[in-house]
Structures are given as C-alpha cells and as structure tokens.
Amino acid sequence: MSSEERRARDPNAISIEFPEGRRLRSNRSRGGGGAFAFFAAGILLGAVALGAGYWLGGRGAAPTPPGTTSTATVNMTGIKYVPDSITVDVGTKVTWVNKDPVYHTVTSDEADGPLQSPNIEAGQSFSFTFTEEGTYSYHCIPHSSVQSGKYVGMIGTVIVRAGGGNGQHGTPIDLPYAWRDPVTTAPPPGWHEWNITLRAEEVWLEVAEGKAYAAWTFNGVLPGPAFRVRQGDKVNLLFYNGGSMNHSIDFHSARINWATAYRDVPPGEAHTYSFTADYPGVYMYHCGSNPVLDHVANGMYGVMIVDPLNDTRPTPAQGREYVLVLSEIYASDDVNASGVYTGDHAKMLAAEPTEVVFNGYAFQYDPRKAYGYPLNAGQDELVRLYVLNAGPTLVQSFHVIGGIFDTVWVENNPENGLRGIQTWTLPSSGGAAFDIIFPDAGLYPFVTHSFAYTGLGAVGVLSVT
Ligand code: CU
Ligand code: CU
C-alpha cells in the first residue's frame, strides 16, 4: 500500500515518507526499478506496515544497517542497560558507560563467556570488541539474580552478526547512502491529524561518491524524512533517541513552548509533543542539542512542507513537484580508523564546507555523473520546487540556468508570490516554493549561484522533454 493510499484510508495514518535513501549503492539503478534493499529499522517499518502502532515503545535498539557500525555505546543508568539489546557487526567495539552513582559489571551469563568486566565504578566505562558472530547475554552481578535458571534484573544482550566488510578507505564502499527520490505530492483533501515518528540514529552514510560519513540522522537517512501536511492540520510527534548522546527535535513549523518541547532527550528515551501547523511554509526541523552546529552539520535536519489551506495558486503538473534540501557537509581531512570521515568542528566554525549538497548526496541529480539522474519535467508544464536551505550556516542563491522563476512563493504562501525572479536567496533555515515553466526542451541545471559552493555538489539537472 502506498503512503497515499494509506493516508486516504486512514486520516490517522503515519505521514512518514519512508527512507528512500536506504538502498545499497550496489543496488542503485537509474530511473528506479532496481532492487530496494531497505535496511531501515525493522521496528519503524513494522509500524508503518501496520499503519497503526506508531508509538514506538520499548528500549531495544533497532538493528543497525550491516556494515555501518564500528563502535556502539550502552549506558548503564537507572540500574538498567540502555539499550538493553543491540545488534552490531563483527569487529564492533561496544563501550558500556556507567551513569549511575553505584558500580555495575558487564558479565557473560555463560561462565566461560567473553564479557568479564571488573567493577565499573560511577562515571567509568568498559569496552569489549566482538570478533565472532553470536548472541551474547550478560548481566550485572550486584543487580541481577537467577530465577528458574535465567538471569533477571539488570540484564542485556549483544547480537553480533557478520559485517558487510566495507567502509575501509580505498576499498569499495557498500553503505546505504544519502539518496532520495525528491517527488512530493500534496496531502489528500480535508483536515488531518498526523502521527509521526522520528528516531535519532547515528549511522554511516555515503554522502559523496566513495565517501562514507559518520552521520547523525533522523531515521537513518539524510536529510530526515520529508513530511507534507496542510495548514491547520495537527501533528503528533513521537521522538525516540536511538543514539549515544543527547538529541532533540525542533520543528520550525510549530509555535510552541520550545523550552519543554525542544528539550534534550537522553539516549534510549522517548519524548512527545503536538502542534498545529498554523502557517504554510517550507519548514526546517532539526536537532537543537548542544552544540547545535555539530548536530545540524552532521545531518540532523529535514523538511516539513505545510500546504496553504486556501491554495489559490495554479496547480503544478502531475508528478512535477519536487522537494530539495540544500545543506553543507564538513568532513574531516582524513578518515578515521574505520575508514569513515567524521564531522570537522573547526571547518564548521569557519563555514568551510567540504560538500554542499541537494538531499544529502553530492551531484545526485546530475546526469554527468555515472550515478546521477535528472529530475523530469515537461515542456510548457508548471514545475514546483520546494527548496529548503538547512545550512547549518551558509546563505545560498537558488537559480536555474536557462530559466526564470515564474513565481517564488516565499514560505509556500500564496500571499507571498513574487513574479519573474532570476535567483532567490535562501537563508540558513529558509525555504520557498519555486514555480517554473520551460518553453523549450533541454537540460536545465539548478544550482546554488554562490559559486564557491556550486562545485562542492550543489548542482542538479531538470530534464525537460
Ligand atoms: Cu542531535
Ligand atoms: Cu531552528
């Protein structure tokens, strides 16, 4: 069932546009039709398939994509292991951090098991690198007991599976990558209450050809899922922190007491709030945890399009509405021991990006690249591009070479239409809808006309036939 069908059937259906990005690079095919290898968290996909149980409960971590984890962290807090179950690849170093005021241990349930930590005092940690596949059950000696031959109380599990053998610099990378089908469609008519789930996940993603990046994401994709609602709709958010550090969630489409709604959520915990989408717009959402520069630069952002309630504008041609999120990536000069680039805080502060990208991957809509493909449009058809600049810092200049924007609808608002625009400024966290009509067939590049950044990946092509 498509998301559209699901919405039509059930006004309470989840509005997540699910992770188009999570295909294996090796499975990528131009123009679709290739095998989709969804790695996405089974829990979330399950919830979508059911179309119902969207409140993602439980503390277990969803499996990480094969080959995307080199380290993992389990917190010991509240006399529990959080998360109490993790799935990692062979070769992963798992670190247990004691956040309780009392000591704990990490001790294999099997007497000859490999986990035999000393007492881990408050504030201390213990690490173990798993080199063999298997399921490793463990417990804390002072906070567990044996009942009917099984440990109960403070217990945990590590599931270790064969890795993907990837991410090593200079070898073929076989990671999910930040790729996205940018087609977007309007929500069905009528008022809706949307239940959406976002999950903080720290994963490795390919963000440019051959370049694996240790991203911090929503739902394992970069940008996070694109949402589209209508002015006046209600949004119920469930946020779950599946990461290793505090994360949070700030929706620019909300008017809300931010101090409580956008608070830090510790690892393993869930947080909810609701809001009404009062204004139309092309809105950013993002993690606002400290330092926000790093959380956004590392990938914790996405877009929520709010359609106007009374839309007096011309209707774009069928299938010719596209969503594009511009953002900067600040990768380290060198890969880490796992062959992965990490966020470079000094470059972030200097606003010297290594990539500037549409929808998380350099040149993905540029057919000059072997992996690139253009967005399609028809001669004399109305195309509408919803463009958000997620930053985190730079102002961008959106332009289509060979085209003029018939109308720029600032923040997607029919009252904010500006006619005949060559280039439009998008501040960091600014968005607009761009209407454009091509009288001639051809290939029309869309770029940031801030040319220091164009060559870093911010070029795509509209193919007009
Ligand atoms: Cu964050
Ligand atoms: Cu913000």
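Which residues does leucine 326 touch, not counting residues up to four places away in sequence? Point 2 takes this up, after a short orientation.

1. **What you are looking at.** This is a predicted model, in which local features need pLDDT of at least 70 and side-chain atom pairs count only at pLDDT 80 or more, while totals for chains, interfaces and linings use all residues. Residues are numbered from 1 along each chain as its sequence is written, chains are lettered from A and ligands numbered from 1 in the order in which they are written, and side-chain values use heavy atoms, with hydrogens and water left out. The chain has six helices and 27 strands; helices (H or I, at least four residues) and strands (E, at least two) are DSSP runs, numbered from the N terminus. Of its 465 residues, 56% count as buried. Buried means under 20% relative accessible area, exposed over 50%, and partly exposed in between (1.4 Å probe, protein chains only).

2. **Leucine 326.** Here is the reply to the opening question: leucine 326 touches Val356, Val357, Phe358, Leu388, Asn389, Ala390, Gly391, Gln396 and Ala458, where contact means heavy atoms within 4.5 Å. Leucine 326 belongs to strand S17 and counts as buried, at 0% relative accessibility. Its C-alpha atom is separated by 7.1 Å from that of glycine 391, although the two are 65 residues apart along the chain. For the chain as a whole, residues 24 or more positions apart account for 69% of the contacts with a separation of 6 or more.

3. **Strand S20 and its partners.** Eight of the eight residues of S20 (residues 382-389) are buried, so this strand is largely enclosed by the rest of the structure. In a regular strand the side chains alternate between the two faces of the sheet. Both faces of S20 are covered, with Leu382, Arg384, Tyr386 and Leu388 buried on one side and Val383, Leu385, Val387 and Asn389 buried on the other. S20 pairs with S17 in the parallel sense over six bridges, and eight bridges join S20 to strand S25 (residues 430-437), which runs antiparallel to it. Two strands pair if DSSP finds at least two bridges between them. Tyrosine 386 is the bridge partner of valine 323 and also stands opposite alanine 433 in S25.

4. **The nonpolar cores.** A nonpolar core is a set of buried Ala, Val, Leu, Ile, Met, Phe, Trp, Tyr and Cys residues joined through side-chain atoms within 4.5 Å. The largest has 65 residues, of which Phe398, Phe434, Phe446 and Leu462 touch the most other members. Strand S17 (residues 321-329) gives the most to this core, with six residues. Apart from it lies another core, of 26 residues, including Tyr262 and Met300. Leaving aside neighbours within four places in sequence, the contacts of phenylalanine 398 include Leu324, Leu385, Trp424, Phe434 and Phe446.

5. **Copper ion, ligand 1.** Which protein donors does this ion have? They are His247 (ND1), Cys287 (SG), His295 (ND1) and Met300 (SD), lying 2.0 to 2.5 Å from the ion. Histidine 247 is in the loop between strand S12 (234-241) and S13, and cysteine 287 is in the loop between S15 and helix H4 (292-297), so this pair, 40 residues apart, links distant parts of the chain. Both histidine 247 and cysteine 287 are buried. Donors are N, O and S atoms within 2.8 Å of the metal (3.2 Å for Na, K and Ca); water is not among the atoms, so sites may look incomplete. The site is tetrahedral, with angles of 87 to 134° among its four donor atoms; four donors count as tetrahedral if all angles lie between 85 and 135 degrees.

6. **Copper ion, ligand 2.** This ion is coordinated by His252 (NE2) and His286 (NE2), at 1.9 to 2.0 Å. Histidine 252 lies in the loop between strand S13 (250-251) and helix H3 (258-261), and histidine 286 in strand S15 (residues 281-286), so the pair ties together parts that are 34 residues apart in sequence. Histidine 252 counts as partly exposed, at 29% relative accessibility, whereas histidine 286 is buried, at 10%.

7. **A mixed sheet.** Four strands form an open sheet with mixed pairing, in the order S2-S1-S4-S6. Its edge strands, S2 (81-82) and S6 (125-129), each pair on one side only.

Terms used. Four donors count as tetrahedral if all angles lie between 85 and 135 degrees; four count as square planar and six as octahedral if opposite donors are over 155 degrees apart and all others between 65 and 115; anything else is irregular.
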